[in-house]
Amino acid sequence: MLTSAAQLAGYGADGLGYKNHLPDAVVIPADAEELAGFMRGAKALGVPVVMRGAGTSLSGGPVAVQGGVVVHTSALKKIREINTEGFWCEVECGVGLNDLDAALKPHGVFYPPDPSSGPVCTLGGNVASNAGGAHCFRYGVTSNYVLGVEAIMLDGSVHRFGGPAGGRGPWREDWKRFMIGSEGTLAAFTRFWLRLLPLPEKVWTFRATYPDMKTTEAAIHALVAHSSYPAAIEMLDPRGVAMVESSQMACGLPEGSFMLLVEIDGPEALVNARVQSVAELLRHAGSNDVMFSDEDALRQKLWKARKASGGLLGQLSPSYVVQDAVIPKRALAEVLQLVYDEADAANIRAVNIFHAGDGNLHPNFLFDSRVPGELEKVELISKRLMQRVIEVGGTLSGEHGIGNDKSAYMPLVFGPDSMRLQLSVPAAFNPAHQMNPLKVFDNRHFIA
Amino acid sequence: MNVFPPMQSERLFVPFMDEVDGTLCLPANATASDIHSQARTHRLRFPLLLDAAKTLREQIVATTHAPASCRFGPYCDNILGMNWRLPSGRIARIGERVVKTTTGYDWLRFLLHSGSRYGEPVDYVLRLRPDCGFTAIARFHGDTKALHSCVSKLLHSGWMHWWDAVDYITEGKASFIRVMIHCVPEEASIFAQQLEHVAAATSTQLTLQNNAPPPLDGLPDLVIKTTPDRVIGLSAELAHAARRSVALCYSGVVHVYMNDSDDLTERTQALVQPHTAELHTLGGDWHSRWLPATPPTITESAWLNTLEEAIHEH
């Protein structure tokens, strides 16, 4: 158990950074049994419990907003089984995503979700927030790959929902569906059974730049309908391009351009036959700057701008907020324009780096939380953005979760009946809201 | 801080066709031909169909997977949203019209296969896929050992992502493998070459039917979910007491088609009974229109009571 101020300082915030809430203590259970004992004790003592993996989430999820105890699951990091014949693996919640990838690779299989925090994030955090990543367009998100969840309730009872077969198990209902993406508000997760796929044999990466949003949008629309089923369709807007080109990570992108990064993969014979048609599609949509390669070193160069951009945001600004809305792709240009107009009017820098194939926007608003009024400006822009996102048929979050960052927007999404259904889920598993209070829905207040 | 006041009414889906996103909202009682006629205009398709005449709702109540789940996942990964009629008669919106969402608790996947226990679907929002213009059905014949080896070869390579379906079918004592491919016509020869390679490597006999319609097996009488490595053995065993069984090899699902008789409940129960303990251990399950739903445990009943209060509230 950690209790000193210096020890607790690292647990005050997640990747969102600027909202800090120090817990009263941090516990690091050695195993699931110890965690079950802790849960019983926490319930008896009436202290809020906040589960935390690596703390890389971007929605203010694993943070003790109401104080209490943060449970750090870093000791539960065994890969218990890799079953290639059955295409599944069993892992503990503290296993790092890239560590799992490395362990799976020699077996010729992989676990597709790939959030950019892969080098540090844990599977517990991934399941809790239903994480996605750059290759979701074809492969899907975490919920598409979770076969089973072992969960510990506040009373210390341990339940297994599903398992290697991915069904209901002995239950009448498929309870794991509520567990995935529940952001630590229902139970503590200790183990998962995950579905695996054979590794693709061959990957081609394409980079194309476009002079305007209209041609970029045309390229995106053509790509999502293309028979090559791209694995990734990523976009960097001109403000993102300018950020990269004015840094040490510059890679020669034309000024003012929109950059698309596309990846196709599969069996060698099949993918090689598709290369020219994808390149032609990108050119036909209006790019005269299309580069592509199947060589690892060159592919990494093509990814360079996209990968560098995330890190540069942190260097450019003391604070930033990244939104995670998903919209129907016909509204891409319109909603991006709204982001620019609102941010420019408020004198806030906005950079868009996102999963264009999924319509999953990530507008990054750069600001200084120490300057009075700046955060309020960003919150106002976010509010108008979310309102428009819902009007065009989109949703608040595609892969980051709601946390306490977007909970205030939930009334935009759910009407009276669907809201009642939503709130009944924590009422069933965690009625006092002792698990991760004030997250997902901001009326989830724990009263000891 | 509440930024927005509570909504006074539900934001229901209005039937639509979005050819850019490849999404289609239509009534839950639509049939395969209704879906096909709306999708094909935009060179799109909904690959998870099992029966030409039954409604989509009937198909989803009958099973969680279709043969094309091999490539595209179960129904719950291909149905994005629903208008859902609650027992009170009021209609609630469940899910979204976009593919990615982590906004709130996942009622969509919870309700989708719940039958009529908590109400019923009014409309579905489907995720469609590009219609590439060419479909072919390959059949592999051979002895049991060769067929097992053939399935393994089909699944354990990068090609696995590109087969629409890999099914192990048993009728009486005879078994064969059915593979469905769907691609642009220019790629047909590449797929054919790979299928021939698999047949040669596994000593199986391949027949390939080009421009074939997707297989429509009909609604199964019994569905069992297990792991992919156990599914063929289980399917072959169940087929001895049935008319036909179809193992969806990557999904780990067996669709069992029974012979018509008056005692289907008893016969279905007898088929499931020897496997219940193993299925519970594996986190698998079974489902049949001839069997009652598994009764809830005491723990589960407490959770269900809370949910049902919300579902039944006027």
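Axes are lines fitted to C-alpha atoms, for helices over the stretch in contact, and angles run from 0 to 180 degrees between N-to-C directions. The model is predicted: local features need pLDDT of at least 70, side-chain atom pairs count only at pLDDT 80 or more, and totals for chains, interfaces and linings use all residues. Residues are numbered from 1 along each chain as its sequence is written, with chains lettered from A and ligands numbered from 1 in the order in which they are written.

Select first helix 13 (residues 416-429) of chain A together with helix 10 (residues 298-312) of chain B; helices are DSSP runs of H or I, at least four residues, and strands runs of E, at least two, numbered from the N terminus. Their axes come within 9 Å and cross at roughly 160°. The two helices are therefore roughly antiparallel (an angle over 145 degrees).

Display next the residues in contact (C-beta atoms, placed from the backbone, within 7 Å). Helix 13 of chain A contributes R420(A), L421(A), S424(A), A427(A), A428(A) and F429(A), and helix 10 of chain B contributes W303(B), T306(B), L307(B), A310(B) and I311(B).

Move then to helix 11 (residues 332-345) of chain A, which has 14 residues. L332(A), V335(A), L336(A), V339(A), E342(A) and A343(A) are buried there (20 or more other C-beta atoms within 10 Å of their own, C-beta atoms being placed from the backbone). Seen down the axis of helix 11 of chain A, these buried residues fall within an arc of 130° (taken from the directions from the helix axis to the C-beta atoms), so they line one face. They pack against helix 7 (213-224), strand 16 (349-355), strand 17 (363-367) and helix 12 (374-391) of chain A.

Turn to the other side of helix 11 of chain A, where Q337(A), D344(A) and A345(A) are exposed (12 or fewer such atoms). Finish at N347(A), which follows helix 11 of chain A and has a positive phi, near 60°.

Technical notes:
Expected span 1.5 Å × (residues − 1). Contact = placed C-beta atoms within 7 Å. Parallel < 35°, antiparallel > 145°, perpendicular 65-115°, else oblique.
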